[in-house]
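Please open the model in your viewer and keep the selection tool at hand. The stops below say what to pick next and what can be found there.

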Amino acid sequence: YDGYNAYPDVHNLYEVNQNAPLGPAPAEKELIELLLYMQDIQPTLAGRVNVAMGAVLRCWHEYREAGVAVPGLEELTPLAEHSDFSQVLIDREAGTVAFADPEMSLDLGAIAKGYATERVARWLLESEMPSFIISAGGNVRCGRKPRDGRARWGVGIQNPADAQVLGAGSLMDVAYLTETSVVTSGDYQRYYTVDGVDYHHIIDPDTLYPGRYMRQVTVVTEDSGYADALSTALFLMPYETGRAYVDALPDVEAYWVLTDGTVQFTDGMGPTLQSQGASAKD
């Protein structure tokens with residue numbers, strides 16, 4: 001799923017982005033499965049997540065790596081014109097991917113980590129070690145309950161106001177859960193500063209600039225890949241819009257930290273939170 005590095009004998013995302021504009025390019029089975037998964041769920045994400053925005057996101061990545069300037073709309077807008085996911089032609093049987101629009105590229109940053117985490121979790125659940133917790137940097141997947149007498153795993157929700165200074169030790173709350181995923185999208189992990197303004201990595205497909213609706217959003221649902229995509233989508237919605245969106249989804253809960261530090265959470269999230277009386281034991 002790496003779009004920035006090549007590996008020997010691996011037909012990964014980087015290789016596909018290089019070769020698919022020229023015609024059908026070989027792609028690993030796991031990559032094709034993820035792209036087909038995105039074909040299914042991307043239309044349900046309210047237009048907030050688009051893995052075909054690779055050209056725009058690569059532009060931001062290059063500016064963030066340099067760390068001295070911000071791209072202008074005159075540079076971003078032409079790139080955004082080449083972000084129609086329907087132009088990605090996937091042939092599962094042949095094991096190839098082609099781009100009907102040769103100017104496009106793919107970026108799986110909104111889904112790949114959660115999707116990979118879920119693959120590992122499903123393997124563990126069918127193994128002799130179904131009791132586990134995976135922490136994959138903003139993506140946490142809980143297996144069956146701990147085997148030390150606790151009924152639930154405790155998953156911390158980081159305080160974004162302190163994250164840049166105090167690190168992971170400062171928490172907003174703790175959620176106690178089993179057999180589910182806890183995925184957070186926030187503005188405080190991958191960012192750079194220009195003229196006193198922080199520019200993070202979660203780009204609004206409408207403005208082509210970092211989303212400014214909130215500091216972070218945490219999603220709780222079983223599938224870590226789905227939770228990863230949902231957390232990005234919700235981060236790029238006003239709270240009221242996102243709350244209505246989540247309330248209409250089955251088996252999905254969310255926790256928001258707005259730009260002013262205000263906390264909101266869904267009705268089903270409350271009973272899992274330490275601040276609301278939840279604990280690791282029954």
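## A starting point inside a strand

Begin by selecting V182, which, apart from neighbours within four places in sequence, is in contact with G138, N139, V140, V155, L177, T218, V219 and V220. Bear in mind throughout that this is a predicted model. V182 lies in strand β8, and because its relative accessibility is 3%, V182 counts as buried. If you also select M53, you can check a separation in space, for the C-alpha atoms of V182 and M53 are 25 Å apart, while the two residues are 129 residues apart in sequence.

## Outward to the sheet

Next, show the strands around this residue: six of them form an open sheet in the order β4-β5-β8-β11-β12-β13, with antiparallel pairing. At the edges stand β4 (133–135) and β13 (263–265), each with a single partner strand, so one side of each has no neighbour in the sheet. Neighbouring strands of this sheet are turned against each other by 10° on average, direction ignored. In general, strands of a sheet pair through backbone hydrogen bonds, either parallel or antiparallel.

Now select residues 181–186 and residues 214–221, which are the strands β8 and β11, and look for the six bridges that join this antiparallel pair. Within the pair, G186 stands opposite Q216 in β11. On β11, follow the pairing with β12, which is likewise antiparallel and extends over six bridges; here V219 stands opposite A254 in β12. How much of β11 is covered? Seven of its eight residues are buried, and the strand is thus mostly covered.

## Helices on the sheet

Add residues 239–247, helix α8, which lies across β11, β12 and β13 and runs at about 175° to β12.

Then turn to helix α5 (112–125) and helix α7 (224–235). These two helices, α5 and α7, pack at an angle of about 165°, and their axes are 6 Å apart. That angle makes α5 roughly antiparallel to α7, and α5 passes α7 in a right-handed crossing. To see the contact itself, select A112, K113, G114, Y115, T117 and E118 of α5 together with S224, G225 and D228 of α7.

Keep α5 in view and add α2 (29–41). What angle do α2 and α5 make where they pack? The angle is about 115°, with the axes 12 Å apart, and α2 and α5 are therefore roughly perpendicular to each other. The crossing of α2 and α5 is right-handed, and the residues that meet are E30, E33, L34 and Y37 in α2 and A112, Y115 and R119 in α5.

## The nonpolar cores

Select M38, L45, L106, L108, I111, L234 and W256, which touch the most other members of the largest nonpolar core, a group of 49 residues. Among the elements that give two or more residues to this core are α1 (13–19), α2, β3 (96–99), α5 and β11. A second, separate core has 13 residues, including C142, L177, Y255 and M269. In soluble globular proteins, nonpolar side chains tend to be buried together.

For a closer look, centre the view on I111, which, not counting residues up to four places away in sequence, touches L34, Y37, M38, I41, V51, G225, Y226, D228 and A229.

Move on to T96, whose place is in strand β3. Is T96 buried or exposed? T96 is buried, because its relative accessible area is 15% and buried means under 20%. With neighbours within four places in sequence left aside, T96 is in contact with P24, A25, P26, A27, I32, L89, I90 and D91.

## Two backbone details to finish

Most residues other than glycine have a negative phi, and the last two stops are to be read against that background.

Select D9, found in the segment before α1, where phi is near 60°, a positive value in a residue other than glycine. D9 is exposed, with a relative accessible area of 77%.

Finally, go to A46, in the loop between α2 and α3 (54–66). Phi of A46 is near 55°, again a positive value in a residue other than glycine, and at 44% relative accessibility A46 counts as partly exposed.

How values were computed
Residues are numbered from 1 along each chain as its sequence is written. This is a predicted model: local features need pLDDT of at least 70, side-chain atom pairs count only at pLDDT 80 or more; totals for chains, interfaces and linings use all residues. Side-chain values use heavy atoms; hydrogens and water are left out. Two strands pair if DSSP finds at least two bridges between them. Helices (H or I, at least four residues) and strands (E, at least two) are DSSP runs, numbered from the N terminus. Axes are lines fitted to C-alpha atoms, for helices over the stretch in contact, and angles run from 0 to 180 degrees between N-to-C directions. Contact means heavy atoms within 4.5 Å. Buried means under 20% relative accessible area, exposed over 50%, partly exposed in between (1.4 Å probe, protein chains only). A nonpolar core is a set of buried Ala, Val, Leu, Ile, Met, Phe, Trp, Tyr and Cys residues joined through side-chain atoms within 4.5 Å. Angles under 35 degrees count as roughly parallel, over 145 as roughly antiparallel, 65 to 115 as roughly perpendicular and the rest as oblique. A crossing is left-handed if the near helix is turned anticlockwise from the far one by less than a right angle, and right-handed if clockwise.
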